[in-house]
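Okay, thanks for squeezing me in today. I'll put the structure up and walk through a few bits of it.

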Amino acid sequence: MKIALLTGGGDCPGLNAVIRAVVRRAEQHSFEVMGVREGWRGLLDPPNHFRLTREATSGILHLGGTILGTSRTNPFKKPVGGEKQVLKNLRALRVGAVIAIGGEDTLGVATRLHELGVKIVGVPKTIDNDLSGTDVTFGFDTAVGIATDAIDRLHSTAESHKRVIVCEVMGRHAGWIAMHSGLAGGADVILIPERPIDIAKVCEHIQNRHRTQNKNFSIVVVAEGAQLGGKDSTLSGKTDEFGHVRLGGIGQQVAEMIEARTGYETRVTVLGHIQRGGTPSAGDRVLATRFGVHAADMCAKGEFGKMAALRGNQIVSVPLADATATLKTVDAESFAVAEVFFG
Ligand code: F6P
């Protein structure tokens with residue numbers, strides 16, 4: 001059997017570890033693996049692909065990014081039946097199964113293609129950790145580590161200058177990175193998309209800390225998707241093929257409001273794509289490798305229309321439709337732990 005393997009959406013530490021693991025396991029099943037370039041774009045006309053061998057995937061385990069390239073191409077959004085091109089090309093290339101490594105958008109396309117008859121397996125990828133069906137996605141651990149390291153560094157400079165520093169982290173719909181890095185880094189305020197920002201409360205908390213706890217600096221962590229007045233913050237207003245607006249600017253807005261209301265000197269740091277680039281953590285390398293091996297095994301067992309997922313300590317197969325139906329956002333119980341520290 002020939003497996004087409006692709007990576008879609010934003011890149012994420014651990015993608016190359018999955019690719020390597022799929023190829024190694026597929027070889028044991030005597031499958032051929034075809035690497036599709038740039039996500040779903042590589043299956044549109046003209047298709048763009050190359051043979052993935054053990055040699056081609058050797059030495060990539062620890063590398064960030066994806067050797068396949070990625071894109072936010074949505075075949076269902078193309079003016080002339082992109083999904084029909086995908087189906088035609090898969091037939092012409094004699095592809096027996098597709099393994100799609102991606103988040104809500106890439107796996108949303110996978111779910112719809114499966115409904116059209118494509119034999120497809122998903123692997124859950126996103127630093128945002130907002131996919132349902134799995135306890136965690138690979139890439140999240142690395143992103144949290146990078147953000148935590150940044151918060152540690154911001155602490156010392158905030159303290160030296162007696163400043164408030166607002167650190168904007170990724171997290172479009174879900175505040176998992178903000179909450180985990182904020183907890184790990186000992187932030188004083190954590191703002192997430194799941195809870196509208198109450199700026200009066202934020203300022204009161206910071207003032208209280210400075211006045212009564214003898215502290216003269218504070219760290220605020222804000223997820224890029226956190227909302228002021230029920231609106232997303234965007235600098236460009238541009239949207240992608242899945243209709244997502246390019247987020248950015250909430251950190252600056254929050255910082256300006258804090259400074260204006262409290263009089264404390266405030267600065268902002270936007271971590272941006274630093275959270276997504278570079279080498280994966282050891283935990284993400286292992287998780288990605290387990291997902292890749294399992295995905296190749298799913299193809300061997302004919303478990304299509306499903307996604308590899310982590311449940312407890314086990315890697316299992318869950319329906320793709322369940323994984324993409326709703327996003328996994330920060331629940332009240334998890335955030336309650338954060339509120340013990342952040343007011
Ligand atoms: O992949 C998810 C994500 O990390 C979001 O948190 C963020 O909004 C988005 O990617 C930004 O990606 P890009 O700049 O590639 O469009």
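So, to start: how far does a polar side-chain atom of Arg172 lie from an oxygen atom of the ligand? It's 3.5 Å. Keep in mind that this is a predicted model, so every distance I quote is computed from it.

Let's stay with the ligand for a moment. Around it you'll find Arg72, Ile127, Asp128, Met170, Gly171, Arg172, Glu224, His273 and Arg276. His273 puts a side-chain N or O atom 2.7 Å from a ligand oxygen. With Gly171 the contact comes from the backbone instead: a polar atom there sits 3.4 Å from an oxygen of the ligand. As for cover, the ligand on its own has 400 Å² of accessible area, and the protein covers 79% of that.

Next up, helix 4, residues 140-161. Does the length add up? Well, what span should 22 residues give at 1.5 Å a residue? The expected figure is 32 Å, and the end C-alpha atoms are 31 Å apart, which agrees. The buried residues on this helix are Phe140, Thr142, Ala143, Val144, Ala147, Thr148, Ala150, Ile151, Leu154, His155 and Ala158. Among the things covering them are strand 6 (164-169), helix 5 (176-185), strand 8 (218-223), strand 9 (266-270) and helix 8 (282-301). Right after helix 4 comes Lys162, with a positive phi near 55 degrees.

Helix 5 is one I'd look at next. Seven of its ten residues are buried, so it's largely enclosed by the rest of the structure. Those are Trp176, Ile177, Ala178, Met179, Ser181, Gly182 and Gly185. Their cover includes helix 4, strand 6, strand 7 (189-191), strand 8 and helix 10 (332-342). Here, too, a positive phi follows the helix: Gly186, at about 70 degrees.

Last thing, cysteines. How many disulfides does the count come to? Zero. Take Cys12: the nearest cysteine sulfur belongs to Cys167, and that's 19 Å away. For Cys167, the closest cysteine sulfur is in Cys203, at 18 Å, and that's too far for a bond. Are these two buried or exposed? Cys12 counts as buried because its relative accessibility is 0%, and Cys167 is buried on the same grounds, also at 0%.

That's my tour. Happy to go back to any part of it.

Methods: Residues are numbered from 1 along each chain as its sequence is written. This is a predicted model: local features need pLDDT of at least 70, side-chain atom pairs count only at pLDDT 80 or more; totals for chains, interfaces and linings use all residues. Side-chain values use heavy atoms; hydrogens and water are left out. Helices (H or I, at least four residues) and strands (E, at least two) are DSSP runs, numbered from the N terminus. The expected span of a helix is 1.5 Å times one less than its number of residues. Buried means under 20% relative accessible area, exposed over 50%, partly exposed in between (1.4 Å probe, protein chains only). Contact means heavy atoms within 4.5 Å. A disulfide is a pair of cysteine sulfur atoms within 2.5 Å. A residue is near a molecule or strand if one of its heavy atoms lies within 4 Å of it. A polar contact is a pair of N or O atoms within 3.5 Å; within protein, one must be able to donate a hydrogen and the other to accept it, and residues adjacent in sequence count only if both atoms are side-chain atoms. Accessible areas come from the Shrake-Rupley method with a 1.4 Å probe; for residues, only the protein chains shown count as cover.
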